[in-house]
Amino acid sequence: MVEGDRMAPAAAHRTASVDGAVPEADTAVYEAVFNAAVAADERIEPRDWMPDAYRSTLVRQIAQHAHSEIIGMQPEANWISRAPSLRRKAILMAKVQDEAGHGLYLYSAVETLGVSREELLDKLHTGRQKYSSIFNYPTLTWADVGAIGWLVDGAAITNQVPLCRCSYGPYARAMVRVCKEESFHQRQGYELLLALSQGTPEQHAMAQDAVDRWWWPSLMMFGPPDDESAHSAQSMAWKIKRHSNDELRQRFIDICVPQAKSLNLTLPDPDLRWNEERGHYDFGPIDWAEFREVIKGNGPCNEQRISQRRKAHDEGAWVREAAAAYAAKHNGATGAAVEPSADTADMNGKA
Amino acid sequence: MTTEQSPLWEVFVRSRRGLSHTHAGSLHAPDAELALRNARDLYTRRGEGVSIWVVPSKAITASSPDEKDAFFEPAADKPYRHPTFYEIPEGVKHL
Ligand SMILES: [Fe+2]
Ligand SMILES: [Fe+2]
């Protein structure tokens, strides 16, 4: 009960802050409690007091993560109707469906921080919140589905496994669910590439071409180098992040090199070689100018991704309206009320 | 004066921060505030929790046991949703 007791004043603080200003001395106490919890590797939960900057950092990161999951459905969905077999088609549909699910877990997690779904989608649609730059590249051939599963989901897993221990409870729990599901994504991609690689020379070339195009953008998924990463140090201090961008990127490269070999495919980096002293693979320079251009909106598919997302949202309006009308009619009869989710209720002090 | 049974509440307890609230059981109480206090006395007498949710039982919509097969069947014939469905050559690590 020590833990609960210690956080009790923090919960009280939230209530107080609704009514009016909190004396600065109290804030210092709550901040000390928060810092102690983070230092002790405890999780911060929705009702706990937290610094405003911690909350806004989480909102930015989790929203961006959620947006990436649903925008990420587009490049792969592009191939569902053209999958080469029923088996591959079923697998790809299952994967894209999982990505929709990941988006929903994450939107729910970020809503516990006091933002609404409408606001999040609006910010995505108007470019005020971002999604991973990787999804602004096109899927030109069937082999791209394999390269995405192997490399893009592989990089996502490398990023997400440490997030299962993120200091914010709802985000960490969402990540546990996501990571359990990601393993199949990566494996189906690897298996797809292996089948192509062992196929005809044309198929092998197609697999190699896909890997050549996806390798560098996958390395950019870990974000800018540590000395240029604006939010990294604070996020690590708050234990939102557990490892730096460069650490995770290196880990991913070290995993991929032997896997590429087992696929009988090469990685498009002439500088890639084992460094005995470091115990890691050395690799060539990353084109950060390209990364910044894509982030700015000048990637090959930025416009297409957002306009397709908006279109899907707008064209779905009649479904949401019909469902709401149906619910209103039936709620009138049963007296049931639409309540916010429990964690959201926490936020409003209703629970 | 009525002696009607007070409403039923479902109790969810978070055993420690970092874990989800999980269903602990149910109890009767006339309102949410009392349900919360009763839940504390009933389900966390030995420090089993650091947070409790109480939810009116009638607010819960449950799937029907009769429809169990039809309801969950669609997941049963999709083994490709599991990583073990895919054959990976021996010795390949971190997949
Ligand atoms: Fe995902
Ligand atoms: Fe995935």
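The iron ion (ligand 2) and the iron ion (ligand 1) lie 3.3 Å apart, and A:E99 coordinates both. This is a predicted model, in which local features need pLDDT of at least 70, side-chain atom pairs count only at pLDDT 80 or more, and totals for chains, interfaces and linings use all residues. Residues are numbered from 1 along each chain as its sequence is written, chains are lettered from A and ligands numbered from 1 in the order in which they are written, and side-chain values use heavy atoms, with hydrogens and water left out.

**The two iron sites**

Donors are N, O and S atoms within 2.8 Å of the metal (3.2 Å for Na, K and Ca); water is not among the atoms, so sites may look incomplete. The table sets out the protein donors of each ion.

| Ion | Donors | Distances | Angles among the four donor atoms |
|---|---|---|---|
| iron ion (ligand 1) | A:E69 (OE), A:E99 (OE), A:H102 (ND1), A:E182 (OE) | 2.1 to 2.5 Å | 84 to 152° |
| iron ion (ligand 2) | A:E99 (OE), A:D153 (OD), A:E182 (OE), A:H185 (ND1) | 2.0 to 2.3 Å | 83 to 171° |

The site of the iron ion (ligand 1) is irregular, and the site of the iron ion (ligand 2) is irregular as well. Four donors count as tetrahedral if all angles lie between 85 and 135 degrees; four count as square planar and six as octahedral if opposite donors are over 155 degrees apart and all others between 65 and 115; anything else is irregular.

Along the chain, the donors of the iron ion (ligand 1) follow the spacing E-x29-E-x2-H-x79-E. A:E99 and A:H102 are separated by about one helical turn, because they stand three residues apart in helix α5 (residues 86–111) of chain A. Helices (H or I, at least four residues) and strands (E, at least two) are DSSP runs, numbered from the N terminus. Both A:E99 and A:H102 are buried, a term for under 20% relative accessible area, with exposed meaning over 50% and partly exposed in between (1.4 Å probe, protein chains only).

For the iron ion (ligand 2), the donor spacing is E-x53-D-x28-E-x2-H. The pair A:D153, in helix α7 (residues 143–163) of chain A, and A:E182, in helix α8 (residues 169–197) of chain A, links distant parts of the chain, 29 residues apart. A:D153 counts as buried because its relative accessibility is 4%, and A:E182 counts as buried at 1%.

**A helix pair**

The axes of helix α9 (residues 201–220) and helix α11 (residues 245–262), both of chain A, come within 9 Å and cross at roughly 150°. Therefore α9(A) is roughly antiparallel to α11(A). Axes are lines fitted to C-alpha atoms, for helices over the stretch in contact, and angles run from 0 to 180 degrees between N-to-C directions; angles under 35 degrees count as roughly parallel, over 145 as roughly antiparallel, 65 to 115 as roughly perpendicular and the rest as oblique.
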